[in-house]
There are 2 protein chains.
Amino acid sequence: MTDSQPSAGETPSDSTVPKVVVSRLSLYLRELQRLQAAGQETISSSQLGTLLGFSDAQVRKDLGFVGQFGYPGVGYRCDELVLAMRDILGTNQPWPVAMVGVGNLGLALLGYRGFGRQNFSIVAAFDADPAKVGQTIQGLTIQPLDELATTVQEKHVRLGMIVVPGPQAQEVSDQLVAAGVEGIVNFAPVTLTLPPHVQVVGVDLAIELEQLSFAVTNKLVKTLPQE
Amino acid sequence: MTDSQPSAGETPSDSTVPKVVVSRLSLYLRELQRLQAAGQETISSSQLGTLLGFSDAQVRKDLGFVGQFGYPGVGYRCDELVLAMRDILGTNQPWPVAMVGVGNLGLALLGYRGFGRQNFSIVAAFDADPAKVGQTIQGLTIQPLDELATTVQEKHVRLGMIVVPGPQAQEVSDQLVAAGVEGIVNFAPVTLTLPPHVQVVGVDLAIELEQLSFAVTNKLVKTLPQE
DNA sequence: CGGTGTGAAAGTTTTCACAGCG
DNA sequence: CGCTGTGAAAACTTTCACACCG
């Protein structure tokens, strides 16, 4: 019920940035971090675009949605832009995440180092299977689901990750919402019904392959960028 | 784009279907398969749309891109539409997949049952680590990378899955392309450079979380559908 | 110069609205 | 009737092109 308080600091993050633009911002950030690590100081929109398969104009327009970062005649300073993108995408602050479902995939995600790089960390893991509860993995003790609400509170968890089989996903999702998470990554192959104030991103591995089988079958040369 | 290909035919899969439409077709198929399993015979565009968070018009337009499947006054017959969608997306035929990189995530994907459901099966797994080569997992013996080309040929592999760390991904990708795969799912957090006839879908788990942290921070209520 | 930021034009996708059909 | 398929309108996104800047 509270109003929205963007307060993102200095960026004009008021207006709505199209979703597709946000997804490209993530790609820019990923590439910029690589360039930065490689010691590159500055980059132009056309260089960055070429690296990712976009036009220079698109890079500039996209960045224009969230601020003004460039130096005419020079381009963008990598480290400055990395900082700005992280601010905008939210990864300058830590994000404690709760995972539900510690099967094959859950285990793998617990061990995935890539999350930490962007300030996400899985701080609690839950499973409905009593045989799994109590086991310690990657330093985390698997908890029963009835501890979810308390733990979310205690550990200031804002995001949940659903890694249970499809048929259980909606119920888990309801529990995460009741516990107060603000966003959910859903690895289960079902569409979740959620209150509108809870954000969701779905990752269905079979669907990704399906997109590919369509593209291959139809020899789509159409679009370029990945992810 | 000028004139239309008036009804008549069955699958006018000639013209280019926008990428965003294809991704929704996958969601329709997923939902339809669930409905079918639940015994539902028919469904209208508005029911299907409601289930997924789309408008009825969008469902009809999307389906209109790939054919004519509906019965006025009735809707769509679930089993018919499932078959048609699978034909279009390519999952009525089997897709043998080669996986490269058998770490945490690779292991989890090897055990993931969801692929089989859509006719994908991982028929070979490769790793550069000599300690892993020769191990048998899920009935598959891990092979060295130098066997990639031969195995791709022998097993008629058309798709590859890259599950190696970022720095190795481009090289692996080059090898997959050289071996003749037509499409790649890339789980490594880098953008690959590929010849234009090879299709790619990128899945970067950290980026998915990033999209969520942006959405949560900016209280985006904007868009609805997942995946 | 080389390169940004940005209006205006072109192109694409979504929504509307309605004829037509079983 | 209820619901599809589809042109036409509206909304949105990308590309173009150019003023301006260091």
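**Two DNA strands, two sheets: worked exercises**

A side-chain N or O atom of A:Arg60 sits 3.4 Å from a base nitrogen of DNA strand D. That counts as a polar contact (a pair of N or O atoms within 3.5 Å; within protein, one must be able to donate a hydrogen and the other to accept it, and residues adjacent in sequence count only if both atoms are side-chain atoms).

Before you dig in: this is a predicted model, where local features need pLDDT of at least 70 and side-chain atom pairs count only at pLDDT 80 or more, while totals for chains, interfaces and linings use all residues. Residues are numbered from 1 along each chain as its sequence is written, chains are lettered from A and ligands numbered from 1 in the order in which they are written, and side-chain values use heavy atoms, with hydrogens and water left out.

**Exercise 1.** Work out what surrounds DNA strand D and which residues are closest.

*Solution.*
- Step 1: gather the residues near the strand (one of their heavy atoms lies within 4 Å of it). You get 22 residues, and the closest are A:Arg24, B:Ser45, B:Arg60, B:Gly70 and B:Tyr76.
- Step 2: look at the DNA side. Of the atoms of DNA strand D that come within 4 Å of the protein, 60% belong to sugar and phosphate.
- Step 3: pick out phosphate contacts. A polar backbone atom of B:Gly70 is 2.8 Å from a phosphate oxygen of DNA strand D, and B:Tyr76 puts a polar side-chain atom 2.9 Å from a phosphate oxygen of that strand.
- Step 4: sort the residues by type (Ala, Val, Leu, Ile, Met, Phe, Trp, Tyr, Cys and Pro are nonpolar; Asp, Glu, Lys and Arg are charged; the others, Gly among them, are polar). Eight turn out nonpolar, nine polar and five charged.
- Step 5: map them onto helices and strands (DSSP runs, numbered from the N terminus: H or I with at least four residues, E with at least two). α3 (56–66) of chain A and α3 (56–66) of chain B each supply at least two residues, and α3(A) gives the most, with four.

**Exercise 2.** Do the job again for DNA strand C: which residues are closest, and which helix gives the most to the surface near the strand?

*Solution.*
- Step 1: count the neighbours. There are 21, the closest being A:Ser45, A:Arg60, A:Gly70, A:Tyr76 and B:Arg24.
- Step 2: check the DNA side here too. Sugar and phosphate make up 57% of the DNA strand C atoms that come within 4 Å of the protein.
- Step 3: go through the polar contacts. A:Arg60 has a polar side-chain atom 2.8 Å from a base nitrogen of DNA strand C. For phosphate oxygens of this strand, the side chain of A:Gln68 offers an N or O atom at 3.2 Å, and B:Arg24 has one in its side chain at 2.8 Å.
- Step 4: name the helix. α3(B) gives the most, with four residues.
- Step 5: split by type. The surface has eight nonpolar, eight polar and five charged residues.

**Exercise 3.** Lay out the sheet of chain A: what is the strand order, and what packs on it?

*Solution.*
- Step 1: read the order. It is an open sheet of five parallel strands, β4-β3-β7-β8-β9 (chain A), where two strands pair if DSSP finds at least two bridges between them.
- Step 2: find the edges. β4 (120–126) and β9 (199–202) of chain A each pair on one side only.
- Step 3: zoom in on one pair. β3 (residues 95–100) of chain A runs parallel to β4(A) and is joined to it by six bridges; A:Val97 stands opposite A:Ile122.
- Step 4: add helices. Contact is taken as heavy atoms within 4.5 Å. Axes are lines fitted to C-alpha atoms, for helices over the stretch in contact, and angles run from 0 to 180 degrees between N-to-C directions. α5 (residues 104–111) of chain A touches β3, β4 and β7 (159–162) of chain A, at about 160° to β3(A). α8 (residues 166–179) of chain A lies across β3, β7 and β8 (183–186) of chain A, at about 170° to β7(A).

**Exercise 4.** In the sheet of chain B, explain why one side of β4 and of β9 has no neighbour.

*Solution.*
- Step 1: set the order. The five strands form an open, parallel sheet, β4-β3-β7-β8-β9 (chain B).
- Step 2: look at the ends. β4 (120–126) and β9 (199–202) of chain B are at the edges with a single partner strand each, so one side of each lacks a neighbour in the sheet.
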